[in-house]
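Please look through the sequence and the 3D structure before reading the notes. The briefing begins with one pair of side chains and then turns to the rest of the chain.

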Amino acid sequence: MAGSGDFSRLSGYWLAMFFIFGLRTKVNRSGVVQQVCRHCGNQAAQVITRRSTKFTLFFIPLIPIRTRYAQQCTFCGAEYEISKSDAERLPVG
């Protein structure tokens, strides 16, 4: 009765199961707006981006974890987070 209670072996082969999971962040450029930069004070184009992070299983995005909005100055390169309502309110062109 050797191996009668051993469910981890099947005909001498080990059964193995693995999962590939992780996080994936996708960056979408929402548009560009002309505004005064908070950092340098210059009137310059500000790029509005949306970063969406999702949990992935076998490289398939399943569950949204976090969504952030950012604004980056094209003059000085400073980037800072903005709220969703601010991102939606901006006249993007």
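Arg89 and Asp86 are joined through their side chains by a salt bridge, with N and O 2.4 Å apart; a salt bridge here is a side-chain nitrogen of Lys or Arg within 4 Å of a carboxyl oxygen of Asp or Glu. Both residues belong to helix H1 (residues 84-89) and are three residues apart, about one turn of the helix. The model is a predicted one, in which local features need pLDDT of at least 70 and side-chain atom pairs count only at pLDDT 80 or more, while totals for chains, interfaces and linings use all residues. Residues are numbered from 1 along each chain as its sequence is written, and side-chain values use heavy atoms, with hydrogens and water left out.

**Overall layout**

- The protein chain contains six strands and one helix; helices (H or I, at least four residues) and strands (E, at least two) are DSSP runs, numbered from the N terminus.
- In sequence order, the elements of the protein chain give the pattern β-β-β-β-β-β-α.
- Of the 93 residues in the protein chain, 23% are buried; buried means under 20% relative accessible area, exposed means over 50%, and partly exposed lies in between (1.4 Å probe, protein chains only).
- Taking contacts in the protein chain between residues at least 6 apart in sequence, 46% join residues at least 24 apart, where a contact means heavy atoms within 4.5 Å.

**Confidence**

- The average pLDDT of the protein chain is 86, and 84% of the residues score at least 70; pLDDT is the predictor's confidence in each residue, from 0 to 100.
- Confidence in the protein chain is highest in strand E4 (residues 43-57), with a mean of 95, and lowest in strand E1 (residues 9-10), with a mean of 58.
- Where pLDDT is low, the predicted coordinates should not be read in detail.

**Strand pairing**

- Strand E3 (residues 21-36) pairs with E4 in the antiparallel sense over 15 bridges; two strands pair if DSSP finds at least two bridges between them.
- Gln35 is placed opposite Ala44 in E4.
- The hairpin of E3 and E4 has six residues between the strands, and in this hairpin Gly41 takes a positive phi near 80°.
- E4 also pairs with E5, in the antiparallel sense and over 12 bridges.
- Two residues lie between the strands in the hairpin of E4 and E5, where Phe58 has a positive phi near 55°.
- Strand E5 (residues 60-73) is joined to E6 by four bridges, and the two run antiparallel.
- Gln71 has Tyr80 of E6 opposite.
- With five residues between the strands, the hairpin of E5 and E6 includes Gly77, which has a positive phi near 85°.

**Strand E6 and its salt bridges**

- Side chains alternate along strand E6 (residues 79-82): Tyr80 and Ile82 are buried and point to one face, while Glu79 and Glu81 point to the other and are not buried.
- By the salt bridge rule, the count comes to three.
- One of them joins Glu79 to Arg51, whose closest N and O atoms are 3.1 Å apart.
- Glu79 lies in strand E6 and Arg51 in strand E4, so this pair ties together parts that are 28 residues apart in sequence.
- Another salt bridge is formed by the side chains of Glu81 and Arg68 (3.8 Å, N to O).
- This pair links distant parts of the chain, with Glu81 in strand E6 and Arg68 in strand E5, 13 residues apart.
- Arg51 and Arg68 also stand opposite each other, Arg68 being in E5.

**Exposure of the charged residues**

- Glu79 is partly exposed, at a relative accessible area of 40%.
- Glu81 counts as exposed, at 52% relative accessibility.
- Arg68 is partly exposed, at a relative accessible area of 31%.
- In the helix pair, Arg89 is exposed at a relative accessible area of 63%, while Asp86 is partly exposed at 23%.

**Surface**

- About 7200 Å² of the protein chain is exposed, with carbon and sulfur atoms supplying 58% of it; accessible areas come from the Shrake-Rupley method with a 1.4 Å probe, and for residues only the protein chains shown count as cover.
- Phe21 is found in strand E3 and is exposed, with a relative accessible area of 57%.
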